[in-house]
Each structure stands twice: as C-alpha cells, then as structure tokens.
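Hi everyone, thanks for making time for this. I'd like to walk you through one model, starting with the whole chain and ending with a few residues. Please have the viewer open so you can follow along.

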Amino acid sequence: MSRWYKSCKRCFLHSLAAHRGFRSLTAAGNRRTELRLHAAGSRCCSTVQGEVRVRFAPSPTGFLHLGGLRTALYNYIFAKKYGGVFILRLEDTDQSRLVPGAAESIEDMLEWACVPPDESARRGGPVGPYLQSQRLDLYSQTAQQLVDSGHAYYCFCSAQRLELLKKEALRSGQTPRYDNRCRHLRADQVQEKLAQGAPHVIRFRLEEGVEPFQDLIFGWNRHEVAQVEGDPVVIKADGFPTYHLANIVDDHYMKISHVLRGSEWLISTSKHLLMYRALGWQPPTFGHLPLLMNKDGSKLSKRQGDIFIETFKRDGVLPEALLDITTNCGSGFNTNRMGRRIDDLISEFNPSKITTHSALLDLEKLPEFNRIHLQQRIEDEQQCDLLIKDLREQISQAYAAEIQDKDVLHEGYIRRVLQLRKGHISFLKELVSPTYSYLWVRPSFSSQEVAALTREAQCIASLVLKLIEERGEELSVDGLSKDLKALAKQAKATKYREVMKLIRLALSGLQQGPSVAEMMVSLGSAEISHRFQKLLLLSSKAD
C-alpha cells in the first residue's frame, strides 16, 4: 500500500458499523486538529498538524442559489467549529459560460447571508490569486509535470472524431468514452505534431487498481474509473484547465485540509486521488454532502427561478431564516429545531450526524422561519434599529404623497408598531401593504359605511374620546380591551360587535386586521383623538 494512501487512510474517520463519518473531531486551539480512526478490532489515530482549511469553489457561470449556499454554509460552519479558515475560490476557467457580475454577486450574497469568506479575491489572502483564470501558469506547469512523468499525454484527436466516437457509442447502447487512442503515440509522432502546431489537449492517463478511500459521510468508496471512462482532458485546447486538474492543484497549493462538496462529485473522487498519487501529493480529507432537493424529491433547478439568493433577499427573506431552513431540513446537528442563528448552528454542529439521505426542502415553510427570525430581530435592540431604518424607507416610498402626519416616520412610533406586531408578521414588507396602511395614512370612510353599522356613531365617538382623554398616553392592549368592553355596554341600541366594527372603521377604514385595542396602542392617543374627531364630525353632519 502506497505511503500517501496509508497516511490518507489514517486521517479518515470511522463511525458506526457502516464505517462512515466522524467518530471524534476536536479542536485544540487554532493550529491543531485531532482526527481519530476506529477500525473493527483495531484502533489507530493520526494527529494532523496545521489549521483546518476548507473552501467553497463555485463557478461564476451563474448566480448563487440555495444549493450553493448550503455547501458554503457547511464549509463555513466546519471551519468555525474547529478554528479553521473558510476560503472562497472562483472556478472561472469555463470562459465561454461566464455570466457578467456573477463573481461579485456570489461574494456579495455570501456576506449578506452571514457566511463571509476569510480569504477570497476581494479579501485577499496568503495563497492567492483566488480566481482560477489568474493561476493558469500553475496548471500548465503541473500538467507538464504529469506529461514528463508519463502520467499524462498530448491528444490530437479532432472534435469531429470525438463526436463520431460519441455517436457510435450511443448507437450501440454504450456510454460514450474516449478510446485513449493518443496515449499510444510514439514520442517522435508527438514531437512532430507539436512542431507542426497541431491543436491538442492534454489527457491524464487513468490506471487500474484504484485504492479505496473513506468518505466522511458516505464511508468507504472505490470507483474503478479506468474501466468505465476514457482518459480525461486536464488541459483544454485553449490552454485552460478542466475542473479535474484545477481543483486538485488549487486544493494542494491552498493547503486545503478537507473538501466538503456535493455528493455528485463522489464518483469523481477516485479519479482525483489517482492524480494526487501521480503528483506525489497528500490528498485532503473528502466529505460529500447529500443533495438539497425539493420536498417531492425532485432536483432543485436554477430554472425554477426562485432559488437564487438574490431573489430571496429582494423578497425580504432574512439571511438567518434562509440558513435555518436549509439546515433544518438536513442533518449534521445535535438538535433539529427552528430559530437557530449562525452561532447556534456552529455550536450545535456535529459532523457525525450528517446522513447520506437527501435533504428535502419545503419552501412553503419559509414564511414561518422568517417570522421566527424577524421576531428575534425585533427583540434585539441593535437589530431593531436597523429594521426601523429599513421600514422607514419602505414607508416613505410606498406612501410618500399620502402621509399627513410625519410623526409616523419617527423612530419611537415605528418601534412601537414593530413590538406590537412581532410574531404576527413574517416579512417586514407586510407592514406597508394595504392591510396596514392605516398605520401610516389616515383612512377615509363614508357616512353610509357608518350608518350601516349603527345610529349611535356620535355617542360612541364621544365615549371613545372621553376614554382616551382619561387614559392619556398610558395605553396598553390588555387595559384597552377591558375598557372597550365596558364602553360598548354604554351604547343603547348597538351590540358589542357593531361597536367594535365602528371603532375599527374609524381607526383603519377596514373591517379586519389586528385587534382594536392593538390598533389604538399602535396609533397613540393623539392620533386616536384625531380620527374620532373626524368620526364625530361626519356623524353630526349625517344627523
């Protein structure tokens, strides 16, 4: 057994009878992590010197979506749990598919989601550049090293020949694969074609005899790739590397200790380990995360349109709610409860509890998650200050020309509204919807609407004005609820229900919404008086 594999095996962890996952992973300071492997009937352990370094390596061929955020989140949590470093590396080697602005947006959204990288193109770091397109010399040098050692070769097959191979395989019901034709070219033939400037790629020579590896989540794995695949391209004709080469080169030179990525890459890991062996490099520890899927088990698709992080942000979803729902539907934590923020996720993270089952995401539950986290923000004074500023801007935009009293934009008034509505609203923007317009704009209603409820409007308005004068500024929901019940009894021919409807109409112009008592506390004594003076005037004219 080769040296690199023995060392790699000792660094992998064993859990349960299925030989998977972490058994023990504890941080000793920021520079030392102890990994233990428990095997059946034996025990060995290895201490890995150096900090934990993990990376999130998306391609800026699109914007950040929920699946990508979840992968970034698990890497971030892992790094913070064990005193390590979280790196953002952008794999922009597929130049033809790059989306303008995507690279900047990915980092913007990670920062918004409270999952900021420690090292990135924007933040810098000791192992940059963090854009693959700026590391081409490194890939070329490594590819040449593989060619010189006989582990890679130049391939001159044309696109037309490769397409014919593909069509023939499909026609015969086989999986398309390269036939490794150019690996058999003599050295003089290769030099002649290179001298002629013939277009070419570099392919890695797959070998049989892949050794098994232990994935942190899926356990022992081994894929005999040489039997089912042709030799993969590592340097394309345009000089850019493919993912298979670039990711191992970058992981090596960026000193990545653990690769946590989606389970779709599990089958490629044996191929990557062959490359590590060919280069004489120590591979990182691999852990492949189960997929994030729709609640019906179908695959999350970018074409759904509503899974992009920018969309959630625009719609008023709080970042902590997004992190909460994407972890709540999955695994890897000591508890499974709603309302966890990033610090809770880090403290409760337990890698041994990550299962191989796909995480089924039910976005219909997102408003409930957002409601919980919005309430937490309202209860936090500093966070509430930010909400007040945000809501003030939304109010000004929505009702700029209609606001009669600028006091509704004052901090104290908005804070009171938030405190009363916390736990009842899921999104801040609900407070600028027509349902809550009465909070910012004085309502209009007709004498016909009043008459449809009672003939005692003038009397009831006077009773309310008297009540408010007696109570002054000391208004409470519980106190007013009792007062209003007593007030309704003073009406001679109007039932309690109609009295409440009349008061609600005068306060909001609506027939539904929060309790009448809460409406009154929100508006405050002065505004209540103003609105009931209007009712008094309207009813007196009607008489």
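I'll go from overall numbers to a helix pair, then the cores, and finish with some loop residues.

A word of caution to begin with: what you see is a predicted model. The protein chain has 543 residues, and 51% of them count as buried. Its secondary structure comprises 21 helices and 14 strands. For the surface, the exposed area is about 25,400 Å², with carbon and sulfur atoms supplying 50% of it. And for those of you who like contact maps: among contacts with a separation of 6 or more, 71% are between residues 24 or more positions apart.

Now please zoom in on helix H13, residues 366–379, and helix H14, residues 381–399. At what angle do the axes of these two helices cross? The value is roughly 105°, and the axes come within 5 Å. Angles from 65 to 115 degrees count as roughly perpendicular, so H13 is roughly perpendicular to H14. On the H13 side, the contact is made by Leu374, Arg377, Ile378 and Glu379. H14 brings Glu381, Gln383, Cys384 and Leu387. Sorted by type, the residues of this contact are 4 nonpolar, 1 polar and 3 charged.

Next, the cores. As general background, nonpolar side chains tend to be buried together in soluble globular proteins. Here, the largest nonpolar core has 110 residues. Which residues have the most contacts inside it? They are Leu418, Trp440, Ile503 and Phe532. Helix H2, residues 66–81, gives the most to this core, with 9 residues.

Let's stay with leucine 418 for a moment. Beyond its neighbours within four places in sequence, leucine 418 is in contact with Ile378, Cys384, Leu387, Ile388, Leu391, Leu428 and Leu431. You may recognise some of these names from the helix pair: Ile378 belongs to the H13 side of that contact, and Cys384 and Leu387 to the H14 side. There is also a second, separate core of 38 residues, with Ala226, Leu245, Val249 and Met275 among them.

Let me turn to the loops, with tyrosine 436 as my opening example. You'll find tyrosine 436 in the loop between helix H15 (411–421) and helix H16 (447–451). Is tyrosine 436 buried or exposed? Its relative accessibility is 8%, so tyrosine 436 counts as buried. Not counting residues up to four places away in sequence, tyrosine 436 touches Arg421, Ile425, Glu430, Leu431 and Pro514. Leucine 510 is 74 residues from tyrosine 436 in sequence, yet their C-alpha atoms are 9.6 Å apart.

Backbone geometry is my last topic. Which residues does a cis peptide bond join? Glycine 128 and proline 129, with omega about 0°. Proline 129 lies in the loop between helix H3 (102–112) and helix H4 (136–148).

Cysteine 114 is in the loop between H3 and H4 as well. Its phi is near 65°, a positive value in a residue other than glycine. With 34% relative accessibility, cysteine 114 counts as partly exposed.

Asparagine 180, in the loop between helix H5 (159–171) and helix H6 (187–195), also has a positive phi, near 60°. At 13% relative accessibility, asparagine 180 counts as buried.

That's my tour; over to you for questions.

Methods. Residues numbered from 1 in each chain as written. Predicted model: local features only at pLDDT ≥ 70, side-chain atom pairs only at ≥ 80, totals over all residues. Heavy atoms only, no water. Helix = DSSP H or I, 4+ residues; strand = E, 2+ residues; numbered from the N terminus. Buried < 20%, exposed > 50% of the residue type's maximum accessible area, 1.4 Å probe, protein only. Contact = heavy atoms within 4.5 Å. Areas by Shrake-Rupley, 256 points an atom, 1.4 Å probe, with all protein chains shown as cover. Axes fitted to C-alpha atoms, helices over the stretch in contact; angles between N-to-C directions. Parallel < 35°, antiparallel > 145°, perpendicular 65-115°, else oblique. Nonpolar A, V, L, I, M, F, W, Y, C, P; charged D, E, K, R; others polar. Core = buried A, V, L, I, M, F, W, Y, C linked by side-chain atoms within 4.5 Å.
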